[in-house]
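Below is a brisk report on a two-chain model with a metal site. Please keep the viewer open while reading.

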Amino acid sequence: MDLLRFITAGSVDDGKSTLIGRLLYDSKNILIDQLEALEKSTKNRTDGSVDLALLTDGLRAEREQGITIDVAYRYFSTPKRKFIIADAPGHVQYTRNMITGASNASLIIILIDARQGVVEQTRRHSIIASLLRIKHVVVAVNKMDLVEFSQDVFNDIVIDYNQVAAQLGLKNITYIPMSALDGDNIVDKSERIAWYTGKPLLDFLEEVQLDDDVNLTDARFQVQFVIRPQTEELHDYRGYAGKVISGIYKKGDKVTVLPQGIDSTIASVEIAGEETGEVFAPQSAVLQLADDIDISRGDTIVKSDNRPQVSNELEVLLCWMDDKPLLTGNKYLLQHNSRVVRAIVKQVEYKIDVNTLQQQPVEGNVKLNEVVKATLKTAAPLVYDSYEKLSEYGSAILVDETSNSTVAAVLIK
Amino acid sequence: MNNSHHLNYLEQLESESIHIFREVAAQFEKPALLFSGGKDSITLVHLARKAFAPGRIPFPLVHIDTGHNFPEALDFRDAMASQLGATLVVRKVQDTIRQRSLTEPKGKFPSRNWLQTYTLLDTIEEFGFDCCIGGARRDEEKARAKERIFSVRDEFGQWNPKLQRPELWNIYNGKIHKGENVRVFPISNWTELDIWNYIRKENIDLPSIYFAHERKVIQHEGQLVAISEFVQPDEQDLVMTKKVRYRTVGDMTCTAAVESTAETLEEVINEIVATRISERGETRIDDKVTEAAMEDRKKNGYF
Ligand SMILES: Nc1nc2c(ncn2[C@@H]2O[C@H](COP(=O)(O)OP(=O)(O)OP(=O)(O)O)[C@@H](O)[C@H]2O)c(=O)[nH]1
Ligand SMILES: [Mg+2]
């Protein structure tokens, strides 16, 4: 069975959590005791309805304030597909938590309150969706019950959002008018929105074509851990453990270890101690090489005829996620999967303005939630591909060495 | 698409978990795997074995023993550790209660669940563990659904849910200050059913109490609780002999049994697929007190 990971996004109170609650409720993915708990915690509501947002708003502070603070993950399946949902917060203060959920999603549902139309947070989350190159975008025009299910309101929002999408280069957009609160076009097709001829949300989620995004061409393997049992029978065993980021590796392949640039041959490929002949992305595997080379965590093994880039100067897009501003000239740790190198932010070229979606010069420091183009210089060469080519090998984080916080998402150009 | 180069979702989950285990081994000086004897931690150990084969699991298994365990689970724990050749560290809540003169919970179902935190924090300090691997899953409970895979805890073991680190892609930042500690949950994204399907696929052994067997039980608020050294019936109780199995394995004082005829893995899975009650709802006696019970415990240093 297929697995689809998706996220809900959009501004505060646009109905993201309610939508997920409705999706689970109407697809009968809520169990009896969870429902009872839900009814109990909403029984002081005057109209007797249950607050479906409480299914994902699992923190006390969230329930008290009626907002989502951090991503919640929910799991459900239908006979057609298995789903992992991330319910993101809409509040601008918690954008980094939204990015956390979005970084592993292959589909994003951007909610828009039909009464409000496209607002700043809609654009901010759309910028993030385009940066992260999330493959599929659903624009859910929600709260249609509050605009009398008006087709005109819906069409106006489609026109507005199309403009945002064009500016950001977002493709594959599907628009669905809905009411998460009442369940229109979530699991069942709404009779109150008869003018809409498309599918309800769940049908769409079940049927959207998940062209396999695993790259099996450009082989990349980064060493996470060196296995050396040093027992009598495995005295000289030296296995490089890691996850195949992309491509296929076979016994006998001619490979090069980077950044050292040393050539060797694959002597064996193993999974869980068993030789398998070949391994492919995204399997976690162990490679052994024919030659005795000094290889450690963070080094990359590639096929000799297909090389990534190696450089200590990187052009990147940064999403700044820390309360403290980014200071040009500051040093950070750059963590690129299992490789950690010191990096200095040399220059910030421009930022993306969340209102105009245009590039703008940066005045002063880069602040929380800003997206900027920058140049990084690293203390040791980094082995990478562009995010556009191979997202898993073109992404990294910056860590502040004094606070240990993750302060930026890095997308390598 | 070439189907021979495609992972199904269980294989994807397995690979993700193995990746997390290897990050732990590489990033921390003294990690430990918290082992309870239940199916989730048995699955964890199985995954850890796969992650480091043909080498050994490079960290000890730690059991925080409440003293209220099912004997079947303890036997299983000891057999498993010796078969793996793994180091097993056992620390007893009973000892912490004595050393720190803690107050024993009272009542008919005296749960030491909450007291485990004290023993856990003492054990972390005793060995200097900088990382504890746990078998919590996000589908278990609403507060767990919010926690990162690498969850940073302060020097009191406390979780701050309002200030979690961003966790992007598959990049895990395990950097901490001295005294802090990271709880890592490699099976965060697995559901209960995923675990059972994986146990079937990998032929993983489980303690016998997961399969239907006869037991003397009493009924408590609609749940079946086994009579044991720790739970005694009072006069109103009707002691019955029923065929039951356990869906989770916690303490005998706070884990309810499920009436069942499922004697094989296949039959257990069929029952789990058909049930309309969640794992926690069906089996935990102690979680119903407040809606924020789990969040509060985690804030205090619980797993
Ligand atoms: N009338 C109407 N109200 C809705 C609809 N969807 C959600 N709401 C209400 O809008 C309010 C906010 O809903 P939530 O689901 O908490 O919003 P959210 O987008 O998750 O908010 P954050 O997570 O805090 O950003 C609640 O009072 C919902 O009941 C809808 O379709 N129609
Ligand atoms: Mg919400």
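The report covers the chain interface, the metal site and one buried residue.

This is a predicted model: local features need pLDDT of at least 70, side-chain atom pairs count only at pLDDT 80 or more, and totals for chains, interfaces and linings use all residues. Residues are numbered from 1 along each chain as written, chains are lettered from A and ligands numbered from 1 in written order, and side-chain values use heavy atoms, without hydrogens and water.

**Interface**

Chain B gives 59 residues to the contact and chain A gives 82; contact means heavy atoms within 4.5 Å. About 6,000 Å² is buried between the two chains, and carbon and sulfur atoms give 55% of it. Buried area is the accessible area (1.4 Å probe) that two parts lose on being put together, summed over both. B:His5, B:Lys146 and B:Trp169 supply 15% of the area that chain B buries against chain A, more than any other three residues.

Five salt bridges link chain B and chain A. The term means a side-chain nitrogen of Lys or Arg within 4 Å of a carboxyl oxygen of Asp or Glu. B:Asp194 pairs with A:Lys82 in a salt bridge, with the closest N and O atoms 3.0 Å apart.

On the side of chain B that touches chain A, helices H1 (9–27), H2 (39–52) and H9 (293–299) of chain B each give two or more residues. Helices are DSSP runs (H or I, at least four residues) and strands are runs of E (at least two), numbered from the N terminus. H1(B) has the largest share, 11 residues.

**Metal site**

The magnesium ion (ligand 2) has two protein donors, A:Ser17 and A:Thr68. Donors are N, O and S atoms within 2.8 Å of the metal (3.2 Å for Na, K and Ca); water is not among the atoms, so sites may look incomplete.

| Donor | Distance to magnesium | Relative accessible area |
|---|---|---|
| A:Ser17 (OG) | 2.0 Å | 7% |
| A:Thr68 (OG1) | 2.0 Å | 9% |

A:Ser17 sits in helix H1 (residues 16–26) of chain A, and A:Thr68 in the loop between helix H3 (60–65) and strand S2 (72–77), 51 residues apart. A:Ser17 is buried, and A:Thr68 is buried too. Buried means under 20% relative accessible area, exposed over 50%, partly exposed in between (1.4 Å probe, protein chains only).

**A:Arg96**

A:Arg96 lies in helix H4 (residues 95–102) of chain A. A:Arg96 is buried, at 14% relative accessible area. Beyond neighbours within four places in sequence, A:Arg96 has contacts including A:Asp322, A:Leu368 and B:Pro166. A:Leu368 is 272 residues away in sequence, yet 8.9 Å away in space, C-alpha to C-alpha.
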